[in-house]
Amino acid sequence: SPRGRWARRHVGHLPQSVTPIRGLTVSEQVKFAGWLKGMSRADAAAATDEWVARLGLDEVSNRASSALSGGQRRRMGLASALVSSPTLAILDEPTAGLDPAQRMKFRELLRDLSSSVHSWIVSTHDVDELEDDYDHCVVLGRRPWSGTPAELAGLVHAGPRRYERAFAELM
């Protein structure tokens with residue numbers, strides 16, 4: 001369908017768990033993602049080189065994708081999601097499984113890439129990231145809610161773990 005073709009080309013997706021493809025190197029896996037998005041081999045190869053460099057994967061680009069650390073695997077997944085220059089990127093629990101230092105570095109990376117993608121949708125349970133990283137949030141629960149992070153925090157009295165308490169109010 002026309003909508004399916006549009007989505008395939010213009011929507012990038014970073015799943016919660018990035019699965020390496022057995023037998024493929026990091027570069028090959030990112031190129032494969034580009035090919036699946038409808039890119040020509042040449043365009044996928046050029047975009048892969050760009051994203052591998054931008055995401056700091058140069059040193060591991062020829063390593064088996066299954067041999068990566070958690071943070072490297074996350075960045076490979078992000079390169080795969082962005083290789084086709086999507087209009088919309090959907091990130092499912094992008095910092096899941098990362099230690100605090102890796103989480104901070106990954107969030108910095110997303111901020112640096114914010115100009116590369118028109119819109120981001122991020123699914124996360126880590127509500128403490130809301131204030132610094134996002135300009136709008138939606139809570140899907142018992143009481144669906146939409147607004148800014150400041151408006152979410154305003155649902156409860158000031159104090160520790162304010163976003164977590166506000167989120168719990170809506171769930």
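Is E93 buried or exposed? At 11% relative accessibility, E93 counts as buried. Keep that residue in mind while we look around this predicted model; we'll come back to the loop it sits in.

## The overall layout

Let's start with the whole protein chain. Its secondary structure adds up to eight helices and five strands. If you walk along the sequence, you meet them in the pattern α-β-α-α-α-β-α-β-α-β-β-α-α. Measured out along the principal axes, the C-alpha atoms take up a box of roughly 55 × 40 × 25 Å.

The protein chain has 171 residues, and 39% of them count as buried. Look at contacts between residues at least 6 apart in sequence, and 63% of those join residues at least 24 apart. For one example of spacing, take A42 and L82: they are 40 residues apart along the chain, and their C-alpha atoms are separated by 16 Å. A42 itself is found in helix α3, and with 55% relative accessibility it counts as exposed.

## Surface and charge

The accessible surface of the protein chain is about 9,900 Å². Carbon and sulfur atoms account for 52% of that surface.

As for charge, there are 22 positive and 21 negative side chains in the protein chain. The centres of these two sets lie 7 Å apart.

## Helix α2 and its buried side

Helix α2 covers residues 26–36, and there's plenty to see here. V26, S27, Q29, V30, A33 and G34 are its buried residues. Around the axis they cover an arc of only 165 degrees, so they end up on the same side of α2. What do these buried residues pack against? Their partners are α3 (41–54) and α4 (70–82).

Two of these residues deserve a closer look. Q29 has a relative accessible area of 7%, so it is buried. Setting aside neighbours within four places in sequence, Q29 is in contact with T19, P20, I21, L24, S65, M76 and S80. S27 is buried too, because its relative accessible area is 9%. With the neighbours within four places left out again, S27 is in contact with T48, V52 and S61. Just after α2 comes G38, which takes a positive phi of about 95 degrees.

## One aromatic pair

Helix α2 also holds F32 and W35, three residues apart, which is about one turn of the helix. How many aromatic pairs does the structure hold? There is one. The ring centres of F32 and W35 are 5.8 Å apart and their planes meet at 25 degrees, so this pair is stacked. The cut-off behind that word is simple: planes under 30 degrees apart count as stacked.

Neither ring belongs to a buried residue: F32 is partly exposed, with a relative accessible area of 34%, and W35 is partly exposed at 48%.

## Two loops with a twist in the backbone

Now back to E93. Where is it? E93 sits in the loop between β2 (88–92) and α5 (100–112). It isn't a glycine, and yet E93 has a positive phi of about 45 degrees.

R161 makes a good companion to it. R161 is not a glycine either, and has a positive phi of about 55 degrees. Its place is in the loop between α7 and α8. While E93 is buried, R161 is partly exposed, with a relative accessible area of 49%.

## Helix α8 near the end of the list

Beyond that loop lies helix α8, made of residues 162–170. Which residues of α8 are buried? They are Y163, A166 and L170. Seen down the axis of α8, these buried residues fall within an arc of 65 degrees, so they line one face of the helix.

Several elements help to cover that face. Among those covering the buried residues of α8 are α6 (130–133), β4 (137–139), β5 (145–147) and α7 (149–153).

Key: Residues are numbered from 1 along each chain as its sequence is written. This is a predicted model: local features need pLDDT of at least 70, side-chain atom pairs count only at pLDDT 80 or more; totals for chains, interfaces and linings use all residues. Side-chain values use heavy atoms; hydrogens and water are left out. Buried means under 20% relative accessible area, exposed over 50%, partly exposed in between (1.4 Å probe, protein chains only). Helices (H or I, at least four residues) and strands (E, at least two) are DSSP runs, numbered from the N terminus. The arc is that of the directions from the helix axis to the C-beta atoms. Contact means heavy atoms within 4.5 Å. Accessible areas come from the Shrake-Rupley method with a 1.4 Å probe; for residues, only the protein chains shown count as cover. Lys and Arg count as positive and Asp and Glu as negative; His and the chain ends are not counted. The place of a charge is taken as NZ of Lys, CZ of Arg, CG of Asp or CD of Glu. Rings of Phe, Tyr and Trp (its six-membered ring) pair if their centres lie within 6.5 Å; planes under 30 degrees apart count as stacked, over 60 as edge-to-face and the rest as tilted.
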